[in-house]
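Me: I'm new to this one and I'd like to know what stands behind the labels people use. Could you take me through them?

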Amino acid sequence: MVDNDQPDLCKVSILGRECIHCGFHLKRYIAQTVLTNLASSTYVLITDTHVAKFHLSAFQAAFDEELKLISDDKRPRFMSHLVSPGETTKSREGKAEIEDFLLANACTRDTVLLALGGGVVGDLVGFVAATFMRGVRFVQIPTTLLAMVDSSVGGKTAIDTPRGKNLIGAFWQPEYIFIDAAFLETLPLREFSNGMAEVIKTAAIWDENEFATLESRAEDITSAVQIESAMNFYAGRTVSTRSESQRLLLSVIVGSISVKAHIVTIDERETGLRNLVNFGHTIGHTIEAVLTPSILHGECVSIGMLLEAEIARQIGVLNQVAVGRLTRCLKAYNLPVSVTDARIASLPVARQLTVDRLLDVMKVDKKNAGPVKKIVILSRIGATFEPKASAVSDQRIRKVLSEGITIIPSVPRHSPIRMATPGSKSISNRALVLAALGEGMCRLKNLLHSDDTQVMMQALADLQGATFSWEDNGDTLVVQGGGGSLAVPPAGKEIYLQNAGTAARFLTTVCTLVKSDRQGLVTVITGNARMKQRPCGPLVDALRASGNPIEYREHIGSLPLSISATPSGMRGGHIRLAASISSQYVSSILLCAPYASAPVVLELVGGQVISQPYIDMTIGVMKSFGITVTRDVDAAGKKLDVYRIPGGHYRNPSEFTIESDASSATYPLAIAAITGTTCTITGIGTTSLQGDAGFAKGVLEPMGCKVVQTDTETTVTGPPIGQLRAIGYVDMEPMTDAFLTASVLAAVANRSPLQGRALVDAPLNTTRILGIANQRVKECNRIKAMIDELSKFGVRTRELDDGLEIYGTPISQLTRGASICCYDDHRVAMAFSVLATVIEGTILEEKRCVAKTWPSWWDDLENKIGLSTQGVEFQAAASPSKSRRHDPNASVFLTGMRGAGKSFIGTLAAAALGWEFTDADTVFEARHNMLVSEFVRNNGWAAFREAEHSILKELLQTKKKKHIISLGGGIVETPAARGALKDYAETCGPVVYIVRAIEEIVEYLGTETSRPAYGEAIEEVFLRRQPWYAEMSSHEFVSSTRALQESVKFSEAESNGGRIDVAHEHTIRCCPTGIEGEVKRYFEHITGICPNLAPNIQLGKRSYFLSLTFPDIRLALPLLDRLSVGVDALELRVDLLSPTGSPVERPSVPPSTYVATQIAALRQRTTLPIVFTVRTASQGGQFPDTAQQEAVKLFELALRLGCEYLDVEISWSEEQIRHIISQKGHSHLIASWHDWTGAMKWLSPEVRQKYNLAYELGDIIKLVGTARDQADNLDLQLFVRSIAAGRKPMLAINMGEKGKLSRILNFVFSPVTHPLLPSRAAPGQLTFPEIQRALHLIGHLPKEQFYLFGTPISHSMSPTLHNTAFSALGLPHRYDLLETDFVDNRITAAVAAPNFGGASVTIPHKVAIISQLDCLSEEAQVIGAVNTIIPIRRPDGIRELLGDNTDWAAMHCIIINNLKNVSPGGARGLVIGAGGASRAAVYALHRAGIGAIDLFNRTRSSAEALASSFPDDYNIRIMESLEGLGNSPPSVIISTVPASVTTTDPTVKDALQLPASMFTLSQGVVIDMAYKPSLTPLLNLARSVNPSWTPITGLAVLLEQGYRQFELWTGRRPPRSLIEKEVLAKYTS
Ligand SMILES: NC(=O)c1ccc[n+]([C@@H]2O[C@H](COP(=O)([O-])OP(=O)(O)OC[C@H]3O[C@@H](n4cnc5c(N)ncnc54)[C@H](O)[C@@H]3O)[C@@H](O)[C@H]2O)c1
Ligand SMILES: [Zn+2]
């Protein structure tokens, strides 16, 4: 096809004119139509710069082509004008700017304006057209989906003012609206979803069929905009070249426009009907007012629609079915459906979304009639309650907007109540299949509405097996059964089952029932990516073996399947099925078996049959439809796994009520019990299969209720209010989920138990519930939750191992106004709402958590039970269960065995964070005035534990913030203490378990005496306590183990081996690692004070990680410095670790203790963040694909150990991933997907789906394909480009030799390799320098020029230092000397050059250079000297020169790392000299915490000037001579004078005499900034007088400050050991 073929169009009319023309690739058509039908002398196309980038030139070309056809004298002008993108352009200024352009170009009344762009351009240009020359003609060419379906249609034009949006404007209709859907291919996906919100809105109010298409075809529709059809010969322009998804997309757009055009035609000026298009907008706009511009209009409307639908449900006109469909549909287009969506909740402004603020904003809505608010109320999908917006009270709006809710106590208005609770899911699915296969009509009542049942119905309809319709507003499903006659779906149509497991299993057999004499007819069933991984092999095997042809279309053992139709349908006969994986296979065959051509004998083989109750349930439901299954028994009467199903047909009962969920039923029944009223629950009776059905008889009857149970119904009548009886003892093992309901009733059950039920060992008001230990590990610890929340009412309870005791209290004595935390647990919320019906003012904090099983609970409470509720707002922060992140200043508790190093680590941590350290033992000893050992001797262990616990309680109360608290090792022996700490870890702050190998502890404790001896072997104590420590802590820190000591040996071997001895002398390193560094990094990360994440990702710069592929990481330690060159993180491939130290050969799970020590070892040698990766075999690693549990355990361990990044494959179960997310604290998740097959297509819907899933789960998205040719890399780029900027960081690469280009271009965390690694982690991996060189070659990394400014500098080491680093990293930059006497115009020119990369500044320019700079770092300002210039780009693109000082930082680091065992506050520092370097020295000492500083300079006045420029709290004292130091000797000495002017030889005149008395203190650090000679007189003196002082050479400081400079310039870590080697070589030459 060529570019000027005539397109196929859909035309829509509006206001009586057919002027909306829709299609694909219309540019040429638009030019023709406009020039022909809108004759003019001047055409002005106005667009924004974004859109222009993609589409302007093509438009220009189209018009040029057409204009050529017009003769010169008649040829009109065609001009274009660009405006800035974004809402701010829609302003008075923006309008004036366009008007000025038109006037300047002498445009007259006949001008035609073309608005090419989104709603911003359309609204603005439309308004200009409405008023320019009193109105000119204009044309809308919308390029966003929102503009196509909404803003371009209807003639509303407007601009914003600072007081509000769209406040000034006019109705002005365009001449044409051209909808070219191909524009959407360049639109960011988020903008597409934004428009989909409006499309869904229109369908929701107007057209149920359209809505059904939107909800079922989301993936197809989205995939239509993820291609570049122009590159594919303008596919879609004609009907014959249109793909199915393009056709769908266009029909959806046209459908939506038609509705809007129709409404506008009837009610152009928005007096009634046109209001309907505001569905979702009353609340949506309000939310938008707070969240704009971070959250888009459509995203806010999406949330608004849901909240407004909830209002409709609350009023009782809309059912939950519709609310559920709306929710699922919006989610399918990746739209948020609640303000708790992570994309919104993470914004700081989200805190302003208070109910009052929202109601306030809503007041000014244009639709309001005076103070009454108007909202469009939906009555079902596709229809509204009134043909206009309805008035809604503030109270109702407040209720849906509130997080919390309260119930107004009263007698339920509707008593006696008769209701059903939501249906059981398992029974719903079975009944659907049977009714469809049965003969006749069946009314299914109480069907559960979920994704699963939705999908099942659609599939049965596709197979033409039955027809479905709704009655009673969706409460009843009418099934017209097809009697088992089914047909292959229309050609090409696959049955799509999403991720509905039950449907997939049941339908596999159902499809074999399709009969046909024709050959080759197949039914294809398929599902989403997740479904394609779930197993169905045993079922397929069994059906195949019995003679039904079924083929796998992709992976063996999973969907998609091709199931052939045969003349006889399902064969039947003797079927053998392996039933150990899923009972659904069994049910699938059972359900279809009656229709088989031979009677079925189903034999279950292959071990233990799983979930027998579900098989029994299937048989039970089959019986209700007229087929009786028999089960074989052996001679002894024992049941066998052989089932016989007679042939026949199901006979549909005219009505089948699906059993209600029995746990849900306990709440309305309990309300009857507590309020003295009557309630009947239908669908649950004596024949129920569910254990919780026994609640009425087992709990309510003994409490004094009247219970009547028929086969299918349960009726409860409560005694008069306040008359409930305690039960005594009740075993709730058969109905554990109902214990919460029982507990709230027991709280007010204070009358004595029925005859014979009273307990002998407890008061008469006791209800003792046992058999519920499993409830500690449900959504929350439910036993604890009940105890804590009941105590808020003043109810006393007692926790038992297997349950709890509750002591009933009269209602009148209970506390009013309790605020109940629901722990995000639906059952807690519903149980306490029972109590709230009799106790005024009770607040349930998180009302939405009921959604899991009963989304409409609060509405049903109001509408079906008859109790009024009210919304309550409370401070979100008050509920700890919400946020898993702690206050960063929350105190940290340390636990662990005695001798594990708690005090040592704790002291370091406190120093690093600037917090206070508290040792609980010290507090104890101060309180009791004796040693712990004495106390135990005098009072015994029990008394000690009690006293210790009370100290813990006190510490928890009094030291909530900024303390590191070390606890006694035995604190875990008391359950209450364990509980308190566990709670602390869950809700308040970190509890860190300090881990140390037991042998070392034994060795260490051998010398210790102050603590009481253990009464038993310490190893046994350790074994007992270890699980407790682990259980009650949130984190762990490996303090010291043999492995670590060895790891230090490993690395020492490197630093001495091969290095000339003199090296050590010259360059005492300021080691950034070591235990101090590790402790600091760890505690800053886990508290969140400063998470150790890769800054380059945040800054939007390129970032890299190196994959460590060693089986034992200690092998890497000596190489680590070289390996980590340039990278931002190190990836630990946990699946490649092996305790044997040799490479892993078969997939296996490494032991967790090994993994923990490996991480600890790595931690001691690097400060880089760790990426913790467990790569499965199917994704290219060595971890078993099936070991999901083990992987989760390892991830938990990684988080406990403070690993910063976790690479989690999105193929793991979503539930498990969400669990990991809930624990992740300040670490980040990389949600990853790897395709090794090469089958993955970047532009396919599958990848989009993967992306969406990864986006939802991860902080970083990682998608890895395999390239077969370069086109795959181009596709990848197109994919990346289709994703809106500003979304989460994404790593997208192709593996393989041909994928290298994608690795080079990738931005986030590109994986790199290194020649020293044992193996590449993936094929095609490049090294860091290789990538940099490639980037330079292709123009992404221009060469920059760096300088050293100063004089004399010809001997400087700096060029060697930096140029070595540049070349090692593969960077194209150069570092040269620029020697000048003054800061003159050569320097000015150098820094102004566009390729200026940065400069070092040395003597004598450190102060004078400041005049050349734009800004200074805080440190440089205080010091008053600059040694580093960094060019930075401001957000507006302007370059600025920043002055910084790295001298101080180098000295500071050296001081704190070498000043061991000295508390700096009490120490003194000495600075010799008063030049530029001494200023940095003074500052470094002060920042290191040195309390007082002595300053000596030969010229006293310079010293005085220097001292007076620092604040008083530096405590600077000017020294007359160095001799005078004797009384207050220094711990740190820094000399900044040339070595040549100093001496230790008393005979030398005219030199500074260095006295030995300077080194009186036993330890200290001495730094000589002079670096020639290497050992200056000062350092030599120190060595000879006091060898325990640490001498630091000037060269060491030079290197240190240079490394920092390098990092500031490049954002990369320099290769330290390599630089050291090169610099030393130059130095010594
Ligand atoms: N008049 C009405 O009836 C009406 C109705 C709804 C909304 N509006 C108005 O519409 C405006 C919002 O419109 P919008 O959502 O289209 O925003 P927009 O116009 O700001 O466009 C969104 C972004 O997408 C870019 N873009 C547009 N088309 C593109 C394409 N094909 N490829 C790549 N990038 C593209 C734009 O440059 C912009 O950055 C608001 O001002 C709103 O008030 C008006
Ligand atoms: Zn809108």
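Reply: Sure, rings first: rings of Phe, Tyr and Trp (its six-membered ring) pair if their centres lie within 6.5 Å, and planes under 30 degrees apart count as stacked, over 60 as edge-to-face and the rest as tilted. By that rule the structure holds 37 aromatic pairs. Keep in mind that this is a predicted model, where local features need pLDDT of at least 70, side-chain atom pairs count only at pLDDT 80 or more, and totals for chains, interfaces and linings use all residues. Residues are numbered from 1 along each chain as its sequence is written, chains are lettered from A and ligands numbered from 1 in the order in which they are written, and side-chain values use heavy atoms, with hydrogens and water left out.

Me: Why is the pair of phenylalanine 924 and phenylalanine 944 called edge-to-face?

Reply: Their ring centres are 5.1 Å apart and their planes sit at 65°, so the pair is edge-to-face. Phenylalanine 924 belongs to helix 29 (residues 920-928) and phenylalanine 944 to helix 30 (residues 932-958), so the pair ties together parts 20 residues apart in sequence. Helices here are DSSP runs (H or I, at least four residues), as are strands (E, at least two), numbered from the N terminus.

Me: What makes histidine 281 count as buried or exposed?

Reply: Buried means under 20% relative accessible area, exposed over 50%, partly exposed in between (1.4 Å probe, protein chains only). Histidine 281 has 4% relative accessibility, so it's buried. Histidine 297, with 18%, is therefore buried too.

Me: And how do you know which residues are protein donors of the zinc ion (ligand 2)?

Reply: Donors are N, O and S atoms within 2.8 Å of the metal (3.2 Å for Na, K and Ca); water is not among the atoms, so sites may look incomplete. Glu198 (OE), His281 (NE2) and His297 (NE2) lie 1.9 to 2.1 Å from the zinc ion (ligand 2), so they qualify as its protein donors. Along the chain, the donors follow the spacing E-x82-H-x15-H.

Me: Why is methionine 133 called partly exposed?

Reply: Methionine 133 has 32% relative accessibility, so it falls between the two cut-offs. Its phi is near 50°, a positive value in a residue other than glycine. Most residues other than glycine have a negative phi.

Me: What makes lysine 95 a charge over the ring of phenylalanine 127?

Reply: A charge sits over a ring if NZ of Lys or CZ of Arg is within 6 Å of the ring centre and within 35 degrees of the ring normal. Lysine 95 lies over the face of phenylalanine 127, at 4.5 Å from the ring centre, so the distance part fits.
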